Amino acid sequence: MSFRTTTYVEDVSPGRGALPPRAWYPSSDAKSLSLNGSWSFRLSATADAEDDSFATEGYDATDWASVTVPGHWVLQGHGSPIYTNHLYPFPVDPPHVPTDNPTGDHLRRFDLPEDWPADGEATIRFDGVESCARVWLNGTELGEFKGSRLPHEFAVGHLLRPGGNVLAVRVHQWSAGSYLEDQDQWWLPGIFRDVTLLHRPTGAVGDFFVHASYDHVTGEGTLLVDSEVAGRVTVPELGLDLATGEPVAVPVEPWTAETPRLYDGVLATKGEQVPLRIGFRTVVLEDGLIKVNGKAVLFKGVNRHEWHPENGRALDLATMREDVLLMKRHNLNAVRTSHYPPHPAFLDLCDELGLWVIDECDLETHGFTEQGWRDNPVDDDRWTPALLDRAALMVERDKNHPSVIFWSLGNEAGTGRGLTAMAEWIHGRDPDRLVHYEGDLGCRDTDVYSRMYAFHDEVEQIGRGLDGGTHKRRELPFILCEYAHAMGNGPGGLADYQELFERYDRLQGGFVWEWIDHGIRHPELGYAYGGDFGEELHDGNFVCDGLVFPDRTPSPGLVEYKKVIEPVRFEGDGADGTVRLVNRYDFADLSGLALEWAYQVDGETVEAGTLAMPRPAPGSSVDLKLPEPPADGRGGEAQWTVRAVLAEDTAWAPRGHEVAWAQLPVTERVKPTVVPAAAPVSGERIVRLGPGTFDARTGALLRVGGVEVSGPRLDVWRAPTDNDDGAEWQTDLRYGLLWRKFGLHRMQHRLDGVESGTDALTVRTRVAPAAWEIGLDTVYRWTTDGDRLRLSVSVTPQGDWTVPLPRLGVRFALARADAVRWFGGGPGEAYPDSKSASRLGRWDATVDGLQTPYVRPQENGARADVRWVELGGLRIEGDPEFWFTARRWTTEQLEAARHLTDLTPGDRVWVNLDHGQHGIGSQSCGPGPLPQYFLRAEPAEFSFVFSEVR
Ligand code: GAL
């Protein structure tokens, strides 16, 4: 046997030899053997560099390398990953692929376990191989397949023997299938999901379809299990024992993402018993709304790619579980499996822990947009069998998951008859779920109007039904299948979207883009992104746009999202001690939650306690009276903090886990006063004013008491965030670029005068960039009460300012600082349009701990609403409240760094005290900050009081 033909690689057909698709289940009483582990491996540069003699009996592969399966060979030292967003990394000439086509030959020897039954059949199942594979067992070819994130199963019983079986798999990185898999992610060839040998006893379970609906009027569930092989279905908890194909109605508790009630059952055929986990629920489109069990749902979702910083898309169960637990703990209720069906075990976790799922097909042809969608496979009948194959592989595999309520045709594949064919097939096969596809603007094939990155104002128009479109579309509900691009610092504007979703029924929520940064662990760079492997074409750090960092540490964006979507809302007036508690769940009452309160003065808890948790129905509210404020609630800034926490341990978080919170102010803050009580004393080189020592010539502060300080002086620059820079295709102004154009990163400080008055030292300056007439007249006025030093800054813009400012405040350096204490917003960073989760309190951190490790370094770490901060021996109070950041490098160094490993601590700590920050927005793929979060160049006055901490 010797084939040199590789025509199948460029064949548009889905492949040949595989068994028809069927339902996936994680366990049964039939034997199975995992073929995961170490495989022999040989990499060739082209698809036909080697003949297929390696698949023949007795082939000696002792000099081959080895790779771990599941895995990607490019992450195991053979070749390199490539990151492109939508550009194909090969010439677009479908279905042809380059001659240089990395091809990995894989070999695995295995013996059957001793108790492997002699009778029956057997199959080998591949859960995921990128992008095209050809398979042999014991020298006999089984077939070949494409469809990377879909299962393929082959009958092998007739070829198996007790010992010395050899499974040979040839995997090509590029194939016709690559044209259908142009998702925005790393190109990572390999056998990246499980390979399993399954015994198929005589009379084994074949395909089966569990239909479990719920009638919210009668409270009854209807169960019907269609099974290719007849058998019986038992559900002991419901006292059910019935034949397959036979419907039954019984009173049940329904399944929802909030109350993921599952009933354990068994499907038994003559030869096999398969455990079932049945969730009863009914999904319909009714009155223009997506309803589950009779109620409209609001999606608080996220797009999830599969990612692990070392293993790429080869995820183990623990990592999948961690994703679901993190989502649940951050109040998310929905996930879109962008942009392919996930490892099937992930959906089991969604069933068990409760998440609504949009299951998306492994299909994207985005790169065709570069040629006006000419030759797009989804509009070319020759490809339709491949599209239908992918639809069937997804639906048949995943159809028994109650969590899956939408099938999505794919992502960014333009439009075409192939998509319509997929939608028609899916609607016919599974009329009990809805169909999603974002690219179908007229909603011809879909059951929901879905968009990505629509700006707030457009979303509001859609909410109000003023958006037009086809008649069908106008009758449909709306979701944002992607919004709030979480690249780098941000997203900003989440709360503003949520407010719209809650205001208009038609808006049924959205899915933040995206869950995780796809950074690859790298020995020198920390986490690598596009371009770090010398790729010819790449899209840089656009692959790092998640709510969690590559190691799954929540970023501030996730903390913000958790707060914005919290299912309990507290509204009220702290001064009169009333609070309205709103149940924002769609299904659950609040019986799982306990209510805690604390009364705080100047950020310190004076008294705390609990209140009985009322039980408002979903969507309704209850008014509560808070306790009498404590008698010793000394004067100062007082507030209530109320929290809803888990009353008991749940499957996803322990008792006491915080679900929602709010703070209600009681009394206002007393601003610091410094009554001028001394005059500057001028020496030859220095001027003294109270505890302050200044340079007599420049007026610059040198010391406060014994603490050395350099600066402070006006600062408007921040290291632009990904969202400041914006995406190149944005038509709106991109301020990150304009700021640089106008030189805000290179402002010059002209000294106009240093004046010693009777009670103040005044320094007059003009801060302006070379080449432009715009400037900021800036006056620093220093006064003292003998003990403390007050700096009042007044800023008057001159010239025609057409851009907002990145920040407005002062910057100075301290010789040393480590521990930081403050009273203000915390514990994490916040910016004007991402500060919902910032809570007023007393916080401690270190300078290093204040940094947010965005994979590409950029502005980060600001703390909002700060009343005072202590660091490096200084105490600084603000009037009004301010933002502060402190770091061991300058803004310029932060801006120049490409990776976190480029940042090395200097010998000083740089502190920014800001009167204002510009909003963040999500212009790296969506809207910039809303106008109310702009930091406009306007006259401003602000002051800080410095004293030495002794
Ligand atoms: C969308 C796309 C995603 C991702 C995102 C930007 O257009 O569907 O896959 O590319 O933009 O990060």
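A polar contact here is a pair of N or O atoms within 3.5 Å. Keep that in mind as you start at the ligand, and remember throughout that this is a predicted model.

**Stop 1: the ligand**

Select the ligand and show what lies around it. You should find 13 surrounding residues, and the closest are D184, H339, E412, E482 and H485.

Now look at individual side chains. Begin with D184, where a polar side-chain atom sits 2.5 Å from an oxygen atom of the ligand. Next, pick N411: one of its polar side-chain atoms is 2.8 Å from a ligand oxygen atom. Then add W513, whose side chain has an N or O atom 3.0 Å from an oxygen atom of the ligand.

**Stop 2: helices α1 and α2**

Select residues 317-329 for helix α1 and residues 344-353 for helix α2. The two pack at an angle of about 35°, and their axes are 10 Å apart. If you turn the view to look through one helix at the other, you are looking at a right-handed crossing of α1 and α2.

To see the contact, show side chains on both helices. From α1, the residues involved are L317, M320, R321, D323, V324, L325 and K328. From α2, they are A345, F346, L349, E352 and L353. Colour them by class and you will get 8 nonpolar and 4 charged residues, with no polar ones, in the contact of α1 with α2.

**Stop 3: the loop before α7**

Move on to P491, in the loop between β32 (478-483) and α7. Zoom in on the peptide bond from G490 to P491, which is cis, with omega near 0°.

**Stop 4: helices α7 and α8**

Select α7 as residues 494-503 and α8 as residues 556-564. Here the packing angle is about 25°, with the axes 10 Å apart. Because of that angle, α7 counts as roughly parallel to α8. The crossing of these helices is right-handed.

Which residues make the contact? On α7, pick L494, A495 and Q498; on α8, pick G557, E560, Y561 and V564. By class, the contact of α7 with α8 has 4 nonpolar, 2 polar and 1 charged residues.

**Stop 5: two more backbone details**

Stay by α8 and select R552, in the loop between β35 (526-528) and α8. Its phi is near 75°, a positive value in a residue other than glycine.

Finish at P70, in the loop between β4 (65-69) and β5 (82-84). The peptide bond from V69 to P70 is cis, with omega near 0°.

Methods
Residues are numbered from 1 along each chain as its sequence is written. This is a predicted model: local features need pLDDT of at least 70, side-chain atom pairs count only at pLDDT 80 or more; totals for chains, interfaces and linings use all residues. Side-chain values use heavy atoms; hydrogens and water are left out. Axes are lines fitted to C-alpha atoms, for helices over the stretch in contact, and angles run from 0 to 180 degrees between N-to-C directions. Helices (H or I, at least four residues) and strands (E, at least two) are DSSP runs, numbered from the N terminus. Angles under 35 degrees count as roughly parallel, over 145 as roughly antiparallel, 65 to 115 as roughly perpendicular and the rest as oblique. A crossing is left-handed if the near helix is turned anticlockwise from the far one by less than a right angle, and right-handed if clockwise. Contact means heavy atoms within 4.5 Å. Ala, Val, Leu, Ile, Met, Phe, Trp, Tyr, Cys and Pro count as nonpolar, Asp, Glu, Lys and Arg as charged, and the others, Gly among them, as polar. A residue is near a molecule or strand if one of its heavy atoms lies within 4 Å of it. A polar contact is a pair of N or O atoms within 3.5 Å; within protein, one must be able to donate a hydrogen and the other to accept it, and residues adjacent in sequence count only if both atoms are side-chain atoms.
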